[in-house]
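Colleague: Please give me a close look at a single part of this model. I should like one connected account that then follows its surroundings into the rest of the chain.

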Amino acid sequence: TLECTEFLEGVPESFCSASGSGADGLLPTPRFSRSNVETRDITFVQTGGDFEAFRGVWRVQPGARGSDSTLLNYALFVQPQAWLPVRLIQSRITGEVSRNLDAVRVYSEELALARKAGSAIDSSNQR
């Protein structure tokens, strides 16, 4: 079970790990974030499950091309139970993150196309 929280102006620094790793019990920090730009974060913390600790941040920021692009960063801290093989969960988590990012990309591209099509229709109706 995960508890998720949305921060429309970015997660407060006091919630984030000083080292950035999340090993100190706070949230890990995405490494490739841009400075001085609008930031929106979704945090998640395990409240029940198979891990000793599982927490992270999805960070969304404007991309380098302005409104035509978005930068999505992800940081995760996982501490497995002593009996759980790390190699087993590492490959599984890597695969899940890749599938999640692919799904986000596909959805975002479809949404952008739909918005552009809607804008073209709206402009043609204003003649």
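Modeller: Asparagine 36 is exposed, with a relative accessible area of 83% (buried means under 20%, exposed over 50% and partly exposed in between, with a 1.4 Å probe and protein chains only). This residue belongs to the loop between E1 and E2 (helices, H or I of at least four residues, and strands, E of at least two, are DSSP runs numbered from the N terminus). Its phi is near 60°, a positive value in a residue other than glycine. Most residues other than glycine have a negative phi.

The model is predicted, and local features need pLDDT of at least 70, side-chain atom pairs count only at pLDDT 80 or more, and totals for chains, interfaces and linings use all residues. Residues are numbered from 1 along each chain as its sequence is written, and side-chain values use heavy atoms, with hydrogens and water left out.

Which residue of the loop between strand E1 (2-7) and strand E2 (40-46) deserves a closer look? Serine 17 lies there, and this serine counts as buried because its relative accessibility is 5%. Its side chain is joined to that of serine 19 by a polar contact of 3.2 Å (a pair of N or O atoms within 3.5 Å; within protein, one must be able to donate a hydrogen and the other to accept it, and residues adjacent in sequence count only if both atoms are side-chain atoms). A polar atom of the serine 17 side chain also lies 3.2 Å from the backbone nitrogen of glycine 22. Beyond its neighbours within four places in sequence, serine 17 is in contact with Gly22, Ala23, Asp24, Leu26, Leu27 and Thr29 (contact means heavy atoms within 4.5 Å).

Thr29 appears again among the contacts of arginine 59, which also include Val11, Pro30, Ser33, Arg40 and Asp41, leaving aside neighbours within four places in sequence. Arginine 59 lies in strand E3 (residues 51-63) and, at 10% relative accessibility, counts as buried. Its side chain makes a polar contact of 2.7 Å with the side chain of aspartate 41.

Arginine 40 takes part in a salt bridge with glutamate 38, with the closest N and O atoms 3.2 Å apart (a side-chain nitrogen of Lys or Arg within 4 Å of a carboxyl oxygen of Asp or Glu). Glutamate 38 is partly exposed at 48%, and arginine 40 is partly exposed at 41%. The whole structure holds four salt bridges. One of them joins glutamate 96 and arginine 99 at 2.9 Å, N to O; these two are separated by about one helical turn because they are three residues apart in helix H1.

Turning to the interior, the largest nonpolar core has eight residues: Phe44, Phe51, Phe54, Trp58, Leu84, Ile89, Ile93 and Val97 (a set of buried Ala, Val, Leu, Ile, Met, Phe, Trp, Tyr and Cys residues joined through side-chain atoms within 4.5 Å). E3 and H1 each supply at least two residues of this core. A second, separate core of five residues includes Phe7, Val11, Cys16 and Val57. Phenylalanine 44 touches, among others, Leu2, Cys4, Leu27, Phe54, Val57 and Trp58, not counting residues up to four places away in sequence. Leu27 is thus a link back to the loop residue, being one of the contacts of serine 17.
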